[in-house]
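Okay, thanks for coming, everyone. I'll walk you through one structure today, so let me put it up on the screen.

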Amino acid sequence: MRVFVTGSTGFVGLAVVKELLSGGHQVLGLTRSDKGVEQLKSQGAEALYGTIDDLEVLKKGASECDAVIHLAFVHNFADFAGSCATDRAAITAMGSVLAAAGGDRALVITSGTMMLERGKLGNEDDGADMTSPMSAARGASEPLCLDFAKQGVRASVVRLPPTTHGPGVSGFMGTLVTVALQKGVSAYVGEGQNRWCAGHRDDAAKLYRLAVEKAKPGSIFHAVAEEGVPLKDIATEVGKQLNIPVVSISPETVGDHFGWFQFGAAADNAASSAKTRERLGWTPTGVTVIEDVSVIIDFMKSREV
C-alpha cells in the first residue's frame, strides 16, 4: 500500500516509517521542515510539506494514498482543548477523503491509554474516562475516527502507553529523567506503587503496520508490552544509572518537585493488550522500560555534548 503518515519524523513516526518500508509499503510523510524532508528521503520515503492544521494539505496526502496513519498531535498543554480540536479536524479531513474514495482504505489514528479510568487494568474495549476533562477532550477523537467505519473505511485506533520508550526523548520517560537531572534526585510519589504501562516504540511501529494491513473496521488496539511497572522501580533504575539518590516525595509536594508533570508522576495507568495480541497476532519483542533506562539516559547525554 501507499500510506500517508502524519508525524512521520517524530519519535514514534521514525520507527513507523521504517517498519512500513521494511514491510514493502510506500510512504508519503507529512513534515513541516526541510530537515524532515531530508530525513524522509534518507529513509526512502516521499515527503509532503505542511502542518497538521493545514487541512487542504492533509486532504491532498490522504487522496494520494491507500491508507493514513495519523501520529501527529499538537502538544500545547496551555490550550489542550484547542490541540484536541485540531486533532479532530485533521481526522475529519482525512477520513472524509478516504470515505469518498471508496475501496479498501484504512485510517489508523493515535490515542493513549492515559485516557482510560485510573487505578484499574484497562482494556481495548474500555472507553475514555469522561469524568476527566483532559481524557474527555482527547478521547473524543476515538469515536470520531471509528465512525468512518460506517462509511466503508477500515478505521481503527492505536492507543500508545505514556511510557512508549526507545532511543530518544518522548513521553513520561524523557520527562522523568529530565526532572531527575535538574533536581539531582530520582523521585517517586508516596510508596511509588502507581503503575505506568509501557511498550517499546519499535513494537508500536509493528502494531501500526499490522493495523493498517488487516485491522477490522472499528477496532481499538493497545501498544502495551508491560501492563504496569511501578514508578518506584523505574525511579530506582534512573537513580542507579545517574548515580543520584532515589527519594520518595509526599503527594502534597509533588507539584513543587515535578511542576506541570505532577499528573504523570502520580498517574496509575495500567493497561492490557491481550485482545490486541489475539486480534492481530502482535507479539512485542522489545526490551523492557527498565532495561531501556540506560539507553534513554545515554541518548539525552549525547544531546548535551
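Let's begin with the cysteines. This is a predicted model, and searching the whole structure for disulfides turns up zero. Just as a reminder, a disulfide is a covalent bond between the sulfur atoms of two cysteines.

So why is cysteine 65 not in a bond? Its sulfur has its closest cysteine sulfur in cysteine 145, and that is 16 Å off, which is too far for a bond. For a disulfide, the two sulfurs would have to be within 2.5 Å. Cysteine 65 is also buried, because its relative accessibility is 1%.

What about cysteine 145? That one is in no disulfide either. The nearest cysteine sulfur to it belongs to cysteine 84, 15 Å away. And is cysteine 145 buried or exposed? With a relative accessibility of 0%, it counts as buried.

Okay, zooming out to the whole chain. You're looking at 13 helices and 14 strands. The C-alpha trace spans about 55 × 45 × 35 Å along its principal axes. How does the radius of gyration fit with a compact globule? For 305 residues you'd expect a value near 19 Å, and the chain has 19 Å, so the two agree.

On burial, 53% of the 305 residues count as buried. The accessible surface adds up to about 12,800 Å², and carbon and sulfur atoms make up 51% of that. As for contacts, take the ones between residues at least 6 apart in sequence: 78% of those join residues at least 24 apart.

A quick word on charge. The chain has 29 positive and 35 negative charges, and their mean positions lie 3 Å apart.

Now two residues I'd like you to find on the screen. The first is arginine 154, which sits in strand E7, residues 154-160. It's buried, because its relative accessible area is 10%, and the cut-off for buried is under 20%. What does arginine 154 touch, leaving out residues up to four places away in sequence? Its contacts include Asp104, Arg105, Ala106 and Leu107, and also Ala211, Val212, Glu213 and Lys214.

The other one is asparagine 243. Look in the loop between helix H9, 231-242, and strand E13, 246-249. Asparagine 243 has a phi near 60 degrees, so a positive value in a residue other than glycine. Unlike buried arginine 154, asparagine 243 counts as exposed, because its relative accessibility is 71%.

That's my tour, so over to you for questions.

Terms used:
Residues are numbered from 1 along each chain as its sequence is written. This is a predicted model: local features need pLDDT of at least 70, side-chain atom pairs count only at pLDDT 80 or more; totals for chains, interfaces and linings use all residues. Side-chain values use heavy atoms; hydrogens and water are left out. Helices (H or I, at least four residues) and strands (E, at least two) are DSSP runs, numbered from the N terminus. The radius of gyration is taken over C-alpha atoms; the globule rule is 2.2 Å times the number of residues to the power 0.38. Buried means under 20% relative accessible area, exposed over 50%, partly exposed in between (1.4 Å probe, protein chains only). Contact means heavy atoms within 4.5 Å. Accessible areas come from the Shrake-Rupley method with a 1.4 Å probe; for residues, only the protein chains shown count as cover. Lys and Arg count as positive and Asp and Glu as negative; His and the chain ends are not counted. The place of a charge is taken as NZ of Lys, CZ of Arg, CG of Asp or CD of Glu.
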